[in-house]
Amino acid sequence: MKRLISVLSALLIAIVATPAAAQLRVDINAGISKPMPIAVPAFTTPALASTVAGDTAALGRQVAEVVSNDLASSGLFKPINPSAFTTTVAYADVLAPRFPNWRTVAAQALVTGFVQVNGDGSITVGCYLYDVFSEEILAREGFSTQPAFWRRAAHKCADAVYSRLTGESGYFDSRIVYVSETGSQTKRIKRLAIMDQDGANHRFLTNGQNLVLTPRFSPSQQTIAYMSFAQNRPRVYIYNIGTGRQTLVGNLPNMSFAPRFSPDGQSLVFSMAQGGNTDIYRMSVNGGTPQRLTSAPGIDTGPSYSPDGSKIVFESDRGGTQQLYVMNADGSDQRRISFGGGRYATPVWSPRGDLIAFTRMGGGGFRIGVMRTDGSGERLLTDSWGDEGPTWSPNGRVVMFFRSQRGGRADLWSVDLTGVNERRIPTPLDGSDPAWSPLLP
Amino acid sequence: MMNTALKAAMVAALVATAACSKKKEELPPPPPPAAPVETPYTPPAAPVTSTVVPGSVEDFIQQAGSDRVFFEFDSYQLDSASQATLTKQAGWLAQYSNVKVTIEGHADERGTREYNLALGERRANSVKNFLAGQGVAADRISVISYGKERPAVEGSDESAWAQNRRAVTVLVGAAAS
């Protein structure tokens, strides 16, 4: 894929930023008990100019809004209402903010920036982060892109702020593929749809003619593995976002489902059912002969690779009820890791490698939880009648899932690892089976 | 409305007649009404109802008692009622050996999506194996699972779930009326 955004930090950094001894820092593990007050005034412009996406002053306001919304959605920041600001930001203030004015509105951190049009019609968004009390600059980054992609530049700015203040990588410049749902329970119409992580730039990928389920991003985010009931033969397909082409994977005799890419994007793990027995297989994305990884009698499904590709977590009812198991990528050394009450399903390995998210069923509820990869340290993050199908943010700090209600309605939600910051993701229709992309390039 | 209008017309006619008769007392009585003309009897149009013909889907359902069997939660065991239904289905299929079937396996909504796909396939295979055991050639039976994607009835309670945990025998190549 063409690199749409190039980081221009090198050009913008006049001096090498040295982290201060007493750093402004957000404790990511503390939840939202005290989100950091942060000011994100409208980005300014060195020269008012028009673009296909609006003029640079309007873009500057919108970029600041996107940055502000991203930071607020993390639950770790509390953007200050711009109506409280005691000062406006001129272009000269971007690099030399009037800090006392920001201290009066109790901002701890300040984000300033600008939008400018370049000679080739592209725009550059400059993004600066300051510690209001120490008056130090903490981050400065620039992003160049076509004007139509201004939201991505804003997300990258928010990622830079989040990253600098939490010590974690960001997750805002990413996308969600999911199943858009509409219609009654008995005649549900399902379509693949894709959108930005914040719900913007929504578009449908399939027309609803065929039932589609469980889309999953490839590591390159350019293809999506999913299951389709096309021709009444439920099988795994790959959708190419660039071309819109849907390709059947392999030529399998039976129902194949629950696909997920390997970390190198070269192969898929999935389930295939045969005669009432479901096992896990691995196959090249180009097809070929599938390699069988499990053979226990029962239902083995929901495979998900560890980020280093060495292990696979999956669910199996071989012991009587659905539980989580981990095996080596070649299928050897299968070990059960879940031992709590109820049933465990849909395990997904965190991109950080440290945790496994899952659906736990029991006591009349479906809940989203996480545990360490050896099964220890289990924590439930949600409590609901129908939470299912977790997917990780690219930085492994947020889990998105779908929440079903009695009667068939369903929508997308996210929750952070503290379990406190639970938010609904806006979608035009109902939604299920979300999959979070890696960070965009 | 019609009746009221008709009555009004008749009353008006009677009044008119009365008024008339008073004035024309000396005239001879009017001739008796003409005898009704006889018309040939036409029986009412007989409704044509569809009827179950041998070999049809309806015949299959009538003979077997049902085209579907139901399962307990997270189970693919066939209870005695299901076995009785399937035995009758197999009997019908023995009669119509040109008919193939697809067994559709379904689950209720109280399971995760991927597992329910596998569970539906398991249920469909339970039925397939039973029918095969009753002498239906295995190559006449195909299976498909819809997991929890195609419930038969709406609702999120025990009664809806019980009806949705099912395997349906769908005839392929039989006359559907």
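The exercises below work through selected side-chain and backbone features of a predicted model, each with a stepwise solution.

The model is predicted, so that local features need pLDDT of at least 70 and side-chain atom pairs count only at pLDDT 80 or more, whereas totals for chains, interfaces and linings use all residues. Residues are numbered from 1 along each chain as its sequence is written, chains are lettered from A and ligands numbered from 1 in the order in which they are written, and side-chain values use heavy atoms, with hydrogens and water left out.

**Exercise 1. The disulfide**

Task: Find which cysteines form a disulfide, and determine its handedness and its place in the chain.

Solution. Step one is to apply the criterion, a pair of cysteine sulfur atoms within 2.5 Å, which gives one disulfide over all chains. Step two identifies the partners as A:Cys127 and A:Cys157, whose sulfur atoms are 2.0 Å apart. Step three takes the torsion about the S-S bond of A:Cys127 and A:Cys157, which is about 70°, so the disulfide is right-handed. Step four places the pair in distant parts of the chain, with A:Cys127 in strand β7 (residues 123-131) of chain A and A:Cys157 in helix α5 (residues 150-166) of chain A, 30 residues apart; helices (H or I, at least four residues) and strands (E, at least two) are DSSP runs, numbered from the N terminus. Step five adds that A:Cys127 and A:Cys157 are both buried, where buried means under 20% relative accessible area, exposed over 50%, and partly exposed in between (1.4 Å probe, protein chains only).

**Exercise 2. Aromatic pairs**

Task: Classify the ring pairs A:Phe85 with A:Trp102 and A:Tyr171 with A:Trp436.

Solution. Rings of Phe, Tyr and Trp (its six-membered ring) pair if their centres lie within 6.5 Å, and planes under 30 degrees apart count as stacked, over 60 as edge-to-face and the rest as tilted. By this rule there are 15 aromatic pairs over all chains. For A:Phe85 and A:Trp102, the ring centres are 4.9 Å apart and the planes stand at 80°, so the pair is edge-to-face. Because A:Phe85 lies in the loop between β5 (77-79) and α3 (91-95) of chain A, and A:Trp102 in helix α4 (residues 99-104) of chain A, the pair ties together parts that are 17 residues apart in sequence. A:Phe85 counts as buried at 16% relative accessibility, and A:Trp102 counts as buried at 2%.

For A:Tyr171 and A:Trp436, the centres are 5.8 Å apart and the planes again at 80°, so this pair is also edge-to-face. It links distant parts of the chain, with A:Tyr171 in the loop between α5 and β9 (175-182) of chain A and A:Trp436 in strand β32 (residues 430-436) of chain A, 265 residues apart. Both A:Tyr171 and A:Trp436 are buried, and they belong to one aromatic cluster together with A:Tyr162 and A:Phe172.

**Exercise 3. Salt bridges**

Task: Locate the salt bridge between B:Glu149 and A:Lys190, and contrast its burial with that of the bridge between A:Asp279 and A:Arg292.

Solution. A salt bridge is a side-chain nitrogen of Lys or Arg within 4 Å of a carboxyl oxygen of Asp or Glu, and the count comes to 28 over all chains. The side chains of B:Glu149 and A:Lys190 meet at 2.7 Å, N to O. B:Glu149 lies in the loop between β3 (141-147) and α5 (158-164) of chain B and A:Lys190 in strand β10 (residues 189-196) of chain A, so the pair joins two chains. B:Glu149 is buried, with a relative accessible area of 3%, and A:Lys190 is buried as well, at 4%. Both residues take part in a network of salt bridges whose members also include A:Glu181, A:Arg188 and B:Arg113.

The side chains of A:Asp279 and A:Arg292 meet at 2.5 Å, N to O. A:Asp279 is in strand β18 (residues 277-284) of chain A and A:Arg292 in strand β19 (residues 287-292) of chain A, 13 residues apart. Here A:Asp279 counts as buried at 1% relative accessibility, whereas A:Arg292 is partly exposed, with a relative accessible area of 45%.

**Exercise 4. Positive phi**

Task: Describe the setting of A:Glu135 and of A:Thr214, each with a positive phi.

Solution. A:Glu135 has a phi of about 60° although it is not a glycine; its place is in the loop between β7 and β8 (136-145) of chain A, where A:Glu135 is partly exposed at 39% relative accessible area. A:Thr214, likewise not a glycine, has a phi of about 45°; A:Thr214 is found in strand β12 (residues 212-217) of chain A and is buried, with a relative accessible area of 2%.
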